[in-house]
Amino acid sequence: MANDSTQETTALPPAPVGRSLAHDAWRRLRANRAAMVSLGLLCLIAVVCVVGPWLTGWQLDEVDWAAFRAPPSWDSGHLAGTDANGRDLLTRTFYGGQVSLSVALVASIVALLVGVLYGAVAGFAGGRVDTLMMRFVDILYSLPFLFLVILMMVVFGRNILLIYVAIGAVEWLDMARIVRGQTLSLKRREFVEAAQALGVRSRDIILRHIIPNLLGPVMIYLTLTVPKVILLESFLSFLGLGVQEPLTSWGALISEGKDMMARAPWMLLVPSAFLTTTLFCLNFLGDGLRDALDPRSR
């Protein structure tokens with residue numbers, strides 16, 4: 001009689017699927033209700049600023065000769081009233097949002113890309129390389145921002161693109177200093193020393209070990225950069241060096257509205273409401289990103 005050998009096989013558990021830092025961060029961010037609501041509001045404001053001017057029925061510089069400083073009214077077609085020149089305030093607020101948000105977006109991207117890489121390389125390299133790179137940052141810091149803008153406009157002429165370049169050329173300096181300080185602390189940690197002992201290249205250490213552990217404070221500072229850039233742009237517009245008529249921005253509208261606060265308060269309240277909502281949303285979103293990008297919570 002042949003012996004039938006039975007071989008029991010046990011099903012192995014499925015291999016764990018690796019999850020990237022971005023996947024884990026998005027999962028934790030979705031669990032933060034305040035951050036997700038803020039992200040939704042920011043997206044809504046951006047979409048409204050883009051498509052809103054086509055829905056109001058008024059052009060940016062179109063004048064309603066029968067309505068100067070008219071209060072908000074559904075019958076007149078000016079849902080947010082008009083300004084001192086009879087132009088629809090809601091339409092101008094939408095166009096102002098396009099300028100303010102685009103300037104903030106470009107400057108933030110420049111600060112993120114240039115500042116993070118520059119600061120991480122300087123902090124990780126140390127020694128003379130760090131000294132030379134940070135002295136270059138100090139030289140740029142010593143140049144007055146207003147002088148830089150005026151010089152660029154004298155050389156290249158007045159153009160809204162110069163606002164993007166001027167603000168972007170300044171905002172990455174703070175980011176570089178913050179990242180450099182964090183990198184000096186991180187490069188002494190055990191996981192970085194272990195990577196160096198294994199012969200990992202410096203470039204890979206910076207990209208795969210240093211920068212991912214910096215994303216938390218970097219994203220926090222990035223959310224603070226946006227309102228700072230908006231205020232810088234409004235300051236330039238107030239001095240006549242920023243956005244020029246008929247273009248406008250939230251900062252320029254608020255500057256106009258403060259002079260009419262007693263007679264036409266809606267000129268101040270409408271753009272201020274958009275700007276304040278944007279700033280609050282950025283604050284809540286920054287808190288959510290800080291928690292989501294913290295490597296210790298993985």
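Helix α5, residues 145–156, supplies seven residues to a nonpolar surface patch, the largest share of that patch. This is a predicted model, so everything below is computed from predicted coordinates. The full patch is made up of L146, F147, I150, L151, V154, V155, F156, F235 and L239. Together these residues have about 870 Å² of accessible area. In soluble globular proteins, nonpolar side chains tend to be buried together. Against that background, the patch is worth a look in your viewer. For one member, take L151, which sits in helix α5. L151 counts as partly exposed because its relative accessible area is 43%, between the 20% and 50% cut-offs.

Now for the inside. The largest nonpolar core has 63 residues. Which of them touch the most other members? That would be L89, V103, F145, I167, M175, V179 and I210. Helix α11, residues 266–292, is the top contributor to this core, with eleven residues. I167 makes a handy starting point for browsing: leaving out residues up to four places away in sequence, I167 touches V103, A107, F145, V229, L232 and E233. There is also a second, separate core of nine residues, with Y118, A122, W172 and L173 among them.

On to the charges. Side chains of opposite charge can pair when their charged atoms come close. The model has eight salt bridges by the distance rule used here. Three of them are listed here, with the distance between the closest N and O atoms.

| Positive residue | Negative residue | Closest N and O atoms |
|---|---|---|
| R87 | D83 | 3.0 Å |
| R135 | D138 | 2.9 Å |
| K258 | D259 | 3.2 Å |

How exposed are these partners? K258 is partly exposed, since its relative accessibility is 42%, whereas D259 counts as exposed because its relative accessible area is 53%. Salt bridges with shared partners also link D83, R87 and R92 into one network. Within that network, both R87 and D83 are buried.

The R135 and D138 pair belongs to helix α4, residues 127–142. The two residues are three apart in sequence, or about one turn of the helix. R135 is partly exposed, with a relative accessible area of 44%, and D138 is also partly exposed, at 25% relative accessibility.

Next comes an acidic residue without a partner. D64 is in the loop between α2 and α3. D64 is buried but has no salt bridge. Why does D64 go without one? The nearest side chain of opposite charge is R87, and R87 is 12 Å away, so the pair falls outside the 4 Å limit for a salt bridge. What does D64 touch instead, setting aside neighbours within four places in sequence? D64 is in contact with W58, H78 and G86.

The loop between α2 (33–56) and α3 (89–125) also holds R69. Here the backbone is the thing to check. Most residues other than glycine have a negative phi. R69 has a positive phi of about 55° even though it is not a glycine. As for its side of the surface story, R69 counts as partly exposed because its relative accessibility is 32%.

Notes: Residues are numbered from 1 along each chain as its sequence is written. This is a predicted model: local features need pLDDT of at least 70, side-chain atom pairs count only at pLDDT 80 or more; totals for chains, interfaces and linings use all residues. Side-chain values use heavy atoms; hydrogens and water are left out. Patches are made of residues with over 30% relative accessible area and no salt bridge: like charges are joined within 9 Å, nonpolar side chains (Val, Leu, Ile, Met, Phe, Trp, Tyr) within 5 Å. Accessible areas come from the Shrake-Rupley method with a 1.4 Å probe; for residues, only the protein chains shown count as cover. Helices (H or I, at least four residues) and strands (E, at least two) are DSSP runs, numbered from the N terminus. Buried means under 20% relative accessible area, exposed over 50%, partly exposed in between (1.4 Å probe, protein chains only). Lys and Arg count as positive and Asp and Glu as negative; His and the chain ends are not counted. Contact means heavy atoms within 4.5 Å. A nonpolar core is a set of buried Ala, Val, Leu, Ile, Met, Phe, Trp, Tyr and Cys residues joined through side-chain atoms within 4.5 Å.
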